[in-house]
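Here is a friendly walk through one protein model, meant to be read with the viewer open. Please have a look at the structure first, and then follow along.

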Amino acid sequence: MRTIAKNKVKLANHVSKLPLVIHSRLEKVRNESKHWHPIWTGDTGYVKFEVHGYPANHVVDLGKRLCTCQFWMLTRIPYVHACAALARVNKSLEDFFHKLVTIESYRETYQHHINPILG
Ligand SMILES: [Zn+2]
């Protein structure tokens with residue numbers, strides 16, 4: 001009960017769309033993505049990119065939220081290749097996180113309470 005109550009207070013005061021732990025990861029990804037160079041494939045949706053960098057190039061599809069490194073699919077968090085492509089199209093990285101890693105999901109987790117019992 002204490003944990004749920006404590007987390008409810010923390011979440012009530014949290015204004016960002018993402019939890020703090022995700023924010024710190026986000027900053028690392030943003031910095032590392034500067035070493036990657038997205039090249040638009042020419043598709044009509046402006047969502048497919050070949051992202052060049054070391055040690056291998058990757059294919060990013062922003063529409064399907066996929067990258068050939070598989071990190072985005074596994075973690076639901078865009079990795080450096082997707083981050084580079086998103087910067088190219090001026091879209092917010094935060095909008096491409098899966099709902100499960102957003103603060104909204106944390107709020108849904110702690111929306112309930114445990115009823116106290118006697119004795
Ligand atoms: Zn990737």
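Is H81 buried or exposed? H81 is buried, because its relative accessible area is 3% and buried means under 20%. Please keep in mind that this is a predicted model.

## The zinc site

H81 is a good place to start, as its ND1 atom is one of the protein donors of the zinc ion, together with the SG atoms of C67 and C69. These donors lie 2.0 to 2.2 Å from the zinc ion. Along the chain, their spacing reads C-x1-C-x11-H. The pair of C69 and H81 links distant parts of the chain: C69 is in the loop between β4 (66–67) and α3 (71–75), H81 is in helix α4 (residues 80–88), and 12 residues separate them.

How do the two cysteines compare with the histidine in their surroundings? C67 is buried, with 6% relative accessible area, and H81 is buried at 3%. C69 has a relative accessible area of 24% and is partly exposed, because the partly exposed class runs between 20% and 50%.

On the subject of cysteines, a search of the whole structure for disulfides finds zero. A disulfide is a covalent bond between the sulfur atoms of two cysteines.

## Salt bridges

Let us turn to the charged side chains. The whole structure holds four salt bridges according to the search. One of them joins K17 to D95, with 3.1 Å between the closest N and O atoms. K17 sits in the loop between α1 and α2, while D95 sits in the loop between α4 and α5, so this pair ties together parts that are 78 residues apart in sequence. Both partners are partly exposed: K17 has 44% relative accessibility, and D95 has a relative accessible area of 43%.

Another salt bridge joins E108 and K99, where the closest N and O atoms are 3.2 Å apart. E108 is partly exposed at 36% relative accessibility, and K99 is partly exposed too, with a relative accessible area of 40%. Elsewhere, salt bridges with shared partners join E27, R30 and E94 into one network.

Within that network, the side chains of E27 and R30 meet at 3.2 Å, N to O. Both residues belong to helix α2 and are three residues apart, about one turn of the helix. E27 counts as partly exposed at 40% relative accessibility, and R30 counts as partly exposed at 28%.

## The largest pocket

Which residues line the largest pocket? The lining is made up of N7, K10, L11, H14, P19, L20, V21, I103, Y106 and Y110. The volume of this largest pocket is about 210 Å³.

Several helices take part in the lining. At least two lining residues come from each of α1 (2–13), α2 (20–33) and α5 (103–109). The largest share is that of α1, which supplies three residues. By residue type, the lining of the largest pocket contains seven nonpolar, two polar and one charged.

## Looking back

For a last look in the viewer, return to the zinc ion and find its protein donors C67, C69 and H81. Then pick out K17 and D95, the salt bridge between the α1–α2 loop and the α4–α5 loop. Finish at the largest pocket, with α1 giving the largest share of its lining.

Note on methods:
Residues numbered from 1 in each chain as written. Predicted model: local features only at pLDDT ≥ 70, side-chain atom pairs only at ≥ 80, totals over all residues. Heavy atoms only, no water. 1 Å grid on protein atoms, 1.4 Å probe; cavity = no way out; pocket = protein on both sides within 12 Å on 5 of 7 lines; lining within 4 Å. Points joined across faces, edges and corners; volume = space filled by probe spheres on them. Helix = DSSP H or I, 4+ residues; strand = E, 2+ residues; numbered from the N terminus. Nonpolar A, V, L, I, M, F, W, Y, C, P; charged D, E, K, R; others polar. Donors = N, O, S within 2.8 Å, 3.2 Å for Na, K, Ca; no water. Buried < 20%, exposed > 50% of the residue type's maximum accessible area, 1.4 Å probe, protein only. Disulfide = S-S within 2.5 Å.
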